[in-house]
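I opened this notebook to record what I looked up, entry by entry. The topics are surface, voids and charged contacts.

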Amino acid sequence: GKPVVVEQRVGAGGNIGAEAVARAEPDGHTLLSATPPVAIAQSMYRNLRFNPRRDLAPVALIGDVPNILVVGSNSPAKTLRDLIELARRNPGKLNYSSLGAGTSVHLAAELFKYQAKVFIVHIPYRGAPQAMMALLAGEVDMMMDALPPSIAQVRAGKTRALAVTSARRAPQLPEVPTMAESGFPGFEVTGWVGVSTTAGTPLATIARLESEIGKAIANPEVASLLERQGMALRFLGAKEFGAFLDAEIAKFAVAVKYSGAAVD
């Protein structure tokens, strides 16, 4: 029953928007569209001016979008195991593109490298379209990308999908195995979306927000809209979302340390 104003406070890997919410009045009237950068920031930025878990209060997880590992159509790798063997035979000679250092897809690729024990060179681009064009042009050997923008290239045969990073296969590409099915048990790195607010907000207010968000995504019209955008709905309440965030912070800390991506 109230108007909602959406403010695009971009910059610093999402930290400008997140810090604005962290510094707001703790009344539940200022909300953050919480995505992986909230979990990445704690280990990525050495001089972060706020603490995501101390200064932000989780409200609810709404859903997530799988990432997908793709190679060029001319790649000799037909499976993830093929890619790993190719990389081990050619250490440092394969490379991969991303939409930027420190992004969730970059760190997902670094977690894959860490767990597979392979050396594949990272080449960051200024955005997802440029990173994909590099793959299509044969300038790089692989790419980790969000599923929705990659589907068209996979279906057109311009790229080959080797695995999705979600816990379950993506309904849009049911023939593509998960990372877990491909030999990496427990591997899950998705583009999740949740809602957080300012720490210190009364628990009753957070509970009301949690309840209303749950009702909203249970609405068939809202659910259909989100699913058409490639999101798999996955509702978690405030307590469960908090535990989820803790696990994501720990996961990305490993990737940041391994990749050397931390900045001042």
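Entry 1, surface. Before sorting any residue I fixed the terms: buried is under 20% relative accessible area, exposed is over 50%, and partly exposed is in between. The model is predicted. I looked up Tyr258 and read 37% relative accessibility, so Tyr258 counts as partly exposed. Tyr258 lies in helix H10, which covers residues 238-259. I then checked for a nonpolar patch, and Tyr258 makes one together with Tyr114 and Val254. The area of this patch is about 270 Å².

I also looked up Ala250, which is found in helix H10. Its relative accessible area is 45%, so Ala250 is partly exposed. For a distance I paired Ala250 with Leu226: they are 24 residues apart in sequence, and their C-alpha atoms are 28 Å apart in space.

Entry 2, the cavity. How many cavities of 30 Å³ or more are there? I found one cavity that meets this limit. The volume of the largest cavity is about 50 Å³. I listed its lining as Val38, Ala39, Pro52, Arg53, Leu56, Pro58, Ser196, Leu245 and Ile249. Helix H2 (36-44), helix H3 (52-55), strand S2 (56-72) and H10 are the elements that give two or more residues to this lining. By class I noted seven nonpolar residues, one polar and one charged in the lining of the largest cavity. Arg53 is the charged residue, since Asp, Glu, Lys and Arg count as charged.

Entry 3, the largest pocket. I read a volume of about 1400 Å³ for the largest pocket. Which residues of its lining are the closest to its centre? They are Val4, Val5, Thr30, Leu31 and Leu32, out of 35 lining residues. At least two lining residues come from each of helix H1 (15-22), strand S1 (31-34), H2 and helix H8 (203-218). I sorted the lining of the largest pocket by class and got 17 nonpolar, 13 polar and five charged residues.

Entry 4, the second largest pocket. Its volume is about 450 Å³. I counted 21 residues in the lining of the second largest pocket, and the closest to its centre are Pro36, Pro37, Leu99, Thr103 and Ser104. The elements that give two or more residues here are H2, S2, helix H5 (104-116), strand S5 (142-146) and strand S7 (190-198). Which element gives the largest share of this lining? I found that H2 does, with five residues. By class, the lining of the second largest pocket has 13 nonpolar, seven polar and one charged residues.

Entry 5, salt bridges. I searched the whole structure and got 12 salt bridges. I then went through some pairs.

The pair Arg54 and Asp55 forms a salt bridge, with the closest N and O atoms 2.9 Å apart. Is Arg54 buried or exposed? Its relative accessible area is 57%, so Arg54 is exposed. For Asp55 I read 11% relative accessibility, so Asp55 counts as buried.

Lys113 and Glu110 form a salt bridge as well, and their closest N and O atoms are 3.0 Å apart. I checked the spacing: the two residues are three residues apart in helix H5, so about one helical turn separates Lys113 from Glu110. I have both Lys113 and Glu110 down as buried.

In helix H10 I looked up Lys251 and Glu248, which are three residues apart, about one turn of the helix. They form a salt bridge with the closest N and O atoms 2.7 Å apart. Lys251 is partly exposed because its relative accessible area is 23%. Glu248 has 4% relative accessibility, so Glu248 counts as buried. I also noted one network in which salt bridges that share partners join Glu19, Arg23 and Arg49.

Entry 6, cross-check on helix H10. I went back over my entries for this helix. Tyr258 of H10 makes part of the nonpolar patch. H10 is also one of the elements that give two or more residues to the lining of the largest cavity. Lys251 and Glu248 both lie in H10, and so does Ala250.

Notes: Residues numbered from 1 in each chain as written. Predicted model: local features only at pLDDT ≥ 70, side-chain atom pairs only at ≥ 80, totals over all residues. Heavy atoms only, no water. Patch = residues over 30% accessible without salt bridge, like charges linked within 9 Å, V, L, I, M, F, W, Y side chains within 5 Å. Areas by Shrake-Rupley, 256 points an atom, 1.4 Å probe, with all protein chains shown as cover. Salt bridge = Lys/Arg side-chain N within 4 Å of Asp/Glu carboxyl O. Helix = DSSP H or I, 4+ residues; strand = E, 2+ residues; numbered from the N terminus. Buried < 20%, exposed > 50% of the residue type's maximum accessible area, 1.4 Å probe, protein only. 1 Å grid on protein atoms, 1.4 Å probe; cavity = no way out; pocket = protein on both sides within 12 Å on 5 of 7 lines; lining within 4 Å. Points joined across faces, edges and corners; volume = space filled by probe spheres on them.
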